[in-house]
Amino acid sequence: MPCGPRILTMFIYLSDVASGGETYFPRLNCSQESAASVAAAAGEGAPKCSGLRVSPKKGAALLWPSVLSQDPTAQDGRTNHEALPVVEGVKLAANAWIHQYDFHTPNKIGCTG
């Protein structure tokens with residue numbers, strides 16, 4: 001991609017949610033013995049992780065790396081995440097993706113990778 005990989009993700013909660021709506025990182029909070037295998041867990045022998053759930057709170061923000069520090073072209077699988085269903089209320093949020101290079105110029109000329 002001309003803009004380079006997404007290196008950081010910022011997620012901002014714009015509303016409180018009465019129940020549910022957490023952002024869930026299933027590959028975080030792994031046992032010490034399996035932590036080293038998280039990056040290598042491509043479906044085989046996945047490590048035992050309890051995951052991390054972040055509840056939506058108006059005005060709170062999350063910032064996480066999307067790539068590995070030692071290789072910014074390699075995705076950091078530990079930060080794969082999902083939005084859990086909202087049980088009660090409405091979840092409003094905004095995200096910002098920080099890319100390695102200029103993102104706007106390639107988009108203006110129709111080059112999106």
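A pocket here is an open set of grid points with protein on both sides within 12 Å along at least five of seven lines. I keep that in mind for today's notes, which concern a predicted model.

**Entry 1, the pocket.** I looked up the largest pocket and found a volume of about 160 Å³. Which residues line the largest pocket? I noted Pro5, Arg6 and Thr9, then Trp64, Ser66 and Val67, and finally Gln75, Thr79, Asn80 and His81. Sorted by class, I get six polar residues, three nonpolar and one charged in that lining.

**Entry 2, the overall fold.** I stepped back to the whole chain and found ten strands and two helices. Going along the sequence, I read the order as β-β-β-α-β-β-β-β-β-β-β-α. The chain has 113 residues, and 27% of them count as buried. I also checked the contacts with a separation of 6 or more: 79% of these join residues 24 or more positions apart.

**Entry 3, ring pairs.** How many aromatic pairs are there? I count two. One is made by Phe11 and Tyr13, edge-to-face, with 5.2 Å from centre to centre and 85° between the planes. Phe11 and Tyr13 are both buried. Another is formed by Phe25 and Trp64, also edge-to-face, at 5.0 Å centre to centre and with 80° between the planes. I was pleased to place this pair on the strands: Phe25 is in strand 3 (residues 23-25) and Trp64 in strand 5 (residues 61-65), so the pair ties together parts 39 residues apart in sequence.

Are these two rings buried or exposed? Phe25 counts as buried because its relative accessibility is 4%, under the 20% cut-off. Trp64 has a relative accessible area of 6%, so I put Trp64 down as buried too. Trp64 is also one of the residues that line the largest pocket.

**Entry 4, charges over rings.** Back to Arg6, which I had met in the pocket lining. The charged end of Arg6 sits over the ring of Trp97, 4.2 Å from the ring's centre. I found Arg53 over the face of Tyr24, at 4.7 Å from the ring centre.

**Entry 5, His99.** Where does His99 lie? I find His99 in strand 10, which covers residues 93-99. His99 counts as buried because its relative accessibility is 16%. Leaving out residues up to four places away in sequence, I list its contacts as Cys3, Gly4, Pro5, Arg6 and Ile7. Pro5 and Arg6 are thus familiar names from my pocket entry, where both belong to the lining.

Conventions: Residues are numbered from 1 along each chain as its sequence is written. This is a predicted model: local features need pLDDT of at least 70, side-chain atom pairs count only at pLDDT 80 or more; totals for chains, interfaces and linings use all residues. Side-chain values use heavy atoms; hydrogens and water are left out. Helices (H or I, at least four residues) and strands (E, at least two) are DSSP runs, numbered from the N terminus. Buried means under 20% relative accessible area, exposed over 50%, partly exposed in between (1.4 Å probe, protein chains only). Contact means heavy atoms within 4.5 Å. Rings of Phe, Tyr and Trp (its six-membered ring) pair if their centres lie within 6.5 Å; planes under 30 degrees apart count as stacked, over 60 as edge-to-face and the rest as tilted. A charge sits over a ring if NZ of Lys or CZ of Arg is within 6 Å of the ring centre and within 35 degrees of the ring normal. On a 1 Å grid over the protein atoms alone, a cavity is a set of points where a 1.4 Å probe fits but cannot get out, and a pocket is an open set with protein on both sides within 12 Å along at least five of seven lines; lining residues have an atom within 4 Å of a point. Grid points are joined across faces, edges and corners, and a volume is the space filled by probe spheres set on the points. Ala, Val, Leu, Ile, Met, Phe, Trp, Tyr, Cys and Pro count as nonpolar, Asp, Glu, Lys and Arg as charged, and the others, Gly among them, as polar.
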